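Student: Hi! I'd like to go through a structure with you before I head back to the bench. Can you put it up?

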Amino acid sequence: MTERFDQDARTVDWILAHVGRDLRVALPLGPGKPVTLINDLVLRACDDRSIRLQIFTALTLERPSQSSDMEHRFLQPARDRLFGDYPRVEYARLLHDGALPDNIHVIGFVLQAANWLTPHRGRPRRWRAWV
């Protein structure tokens with residue numbers, strides 16, 4: 001029987017109760033990734049280290065960052081039009097910050113190079129996670 005949930009947190013509770021705490025999640029290449037659900041899974045695994053989470057992803061799309069006022073004025077209209085209210089991907093934020101816990105592994109096979117070439121604290125772990 002199909003169960004439907006209107007909140008991602010309830011969905012995560014159901015997944016943990018029925019699937020277990022050793023999770024492997026594959027994300028599609030094209031549009032339609034369940035970003036809010038993945039974010040809730042990642043945050044739950046951050047809070048509860050007994051959850052092992054492996055994320056297999058083709059491409060993690062992120063809003064381009066801006067380092068200057070000129071870049072902001074140039075990119076902001078395109079960012080708003082292309083990304084709208086698309087949420088930030090938590091596992092990508094944790095990778096950028098070098099803060100991805102050991103119980104979460106991200107394996108990707110398409111790297112959005114412009115977002116990942118700048119040096120960050122977690123760089124060695126980040127690069128070995130891409131195929």
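Student: Let me jump right in: where is Leu29 found?

Tutor: Happy to help, and keep in mind that this is a predicted model. Leu29 sits in the loop between strand 1 (22-27) and helix 2 (35-47).

Student: Is Leu29 buried or exposed there?

Tutor: Leu29 is exposed, and its relative accessible area is 53%.

Student: Which residues join Leu29 in a nonpolar surface patch?

Tutor: Phe109 and Val110 do, and with Leu29 they make a patch of about 290 Å².

Student: OK, zooming out. How many helices and strands are there in the chain?

Tutor: The chain has six helices and three strands. Along the sequence they run α-β-α-β-α-α-β-α-α.

Student: And what share of the residues counts as buried?

Tutor: That would be 35% of the 131 residues. As for the outside, the chain exposes about 8400 Å², with carbon and sulfur atoms supplying 57% of that area.

Student: Now the inside. Which residues touch the most other members of the largest nonpolar core?

Tutor: Leu23, Ile38, Leu41, Val42, Leu53, Ile55 and Tyr91 do, in a core of 23 residues. Two or more core residues come from each of helix 1 (8-18), strand 1, helix 2, strand 2 (52-57), helix 4 (90-97) and strand 3 (104-108).

Student: Which element gives the largest share of this core?

Tutor: Helix 2 does, with six residues. As background, nonpolar side chains in soluble globular proteins tend to be buried together.

Student: Take Leu53. What is Leu53 in contact with, leaving aside neighbours within four places in sequence?

Tutor: The partners are Leu23, Val25, Leu41, Val42, Ala45, Asn103, Ile104 and His105. For the chain as a whole, take the contacts between residues at least 6 apart in sequence: 63% of them join residues at least 24 apart.

Student: Changing topic: how many salt bridges does a search of the whole structure find?

Tutor: Eight. One of them joins the side chains of Asp48 and Arg21, at 2.1 Å from N to O.

Student: Which parts does that pair tie together?

Tutor: Asp48 lies in the loop between helix 2 and strand 2, while Arg21 lies in the loop between helix 1 and strand 1, so the salt bridge ties together parts 27 residues apart in sequence. Asp48 is partly exposed at 24% relative accessible area, and Arg21 is also partly exposed, at 34%.

Student: What about helix 4, which residues meet in salt bridges there?

Tutor: Arg93 has two partners, Glu90 at 2.8 Å and Asp97 at 3.4 Å. Glu90 is three residues from Arg93, about one turn of the helix, and Asp97 is four residues from Arg93, again about one turn.

Student: Is Glu90 buried or exposed?

Tutor: Glu90 is buried, at 15% relative accessible area, because the cut-off for buried is under 20%. Arg93 is partly exposed at 25%, and so is Asp97 at 30%.

Student: Which residues are linked in a network of salt bridges?

Tutor: Asp22, Arg24 and Arg52 are.

Student: Last one: how many aromatic pairs does the count come to?

Tutor: One. Phe5 and Trp14 form a tilted pair, 6.4 Å centre to centre with 50° between the planes. Phe5 is partly exposed at 28% relative accessibility, and Trp14 is partly exposed at 30%.

Conventions. Residues are numbered from 1 along each chain as its sequence is written. This is a predicted model: local features need pLDDT of at least 70, side-chain atom pairs count only at pLDDT 80 or more; totals for chains, interfaces and linings use all residues. Side-chain values use heavy atoms; hydrogens and water are left out. Patches are made of residues with over 30% relative accessible area and no salt bridge: like charges are joined within 9 Å, nonpolar side chains (Val, Leu, Ile, Met, Phe, Trp, Tyr) within 5 Å. Accessible areas come from the Shrake-Rupley method with a 1.4 Å probe; for residues, only the protein chains shown count as cover. A salt bridge is a side-chain nitrogen of Lys or Arg within 4 Å of a carboxyl oxygen of Asp or Glu. Buried means under 20% relative accessible area, exposed over 50%, partly exposed in between (1.4 Å probe, protein chains only). A nonpolar core is a set of buried Ala, Val, Leu, Ile, Met, Phe, Trp, Tyr and Cys residues joined through side-chain atoms within 4.5 Å. Contact means heavy atoms within 4.5 Å. Rings of Phe, Tyr and Trp (its six-membered ring) pair if their centres lie within 6.5 Å; planes under 30 degrees apart count as stacked, over 60 as edge-to-face and the rest as tilted.
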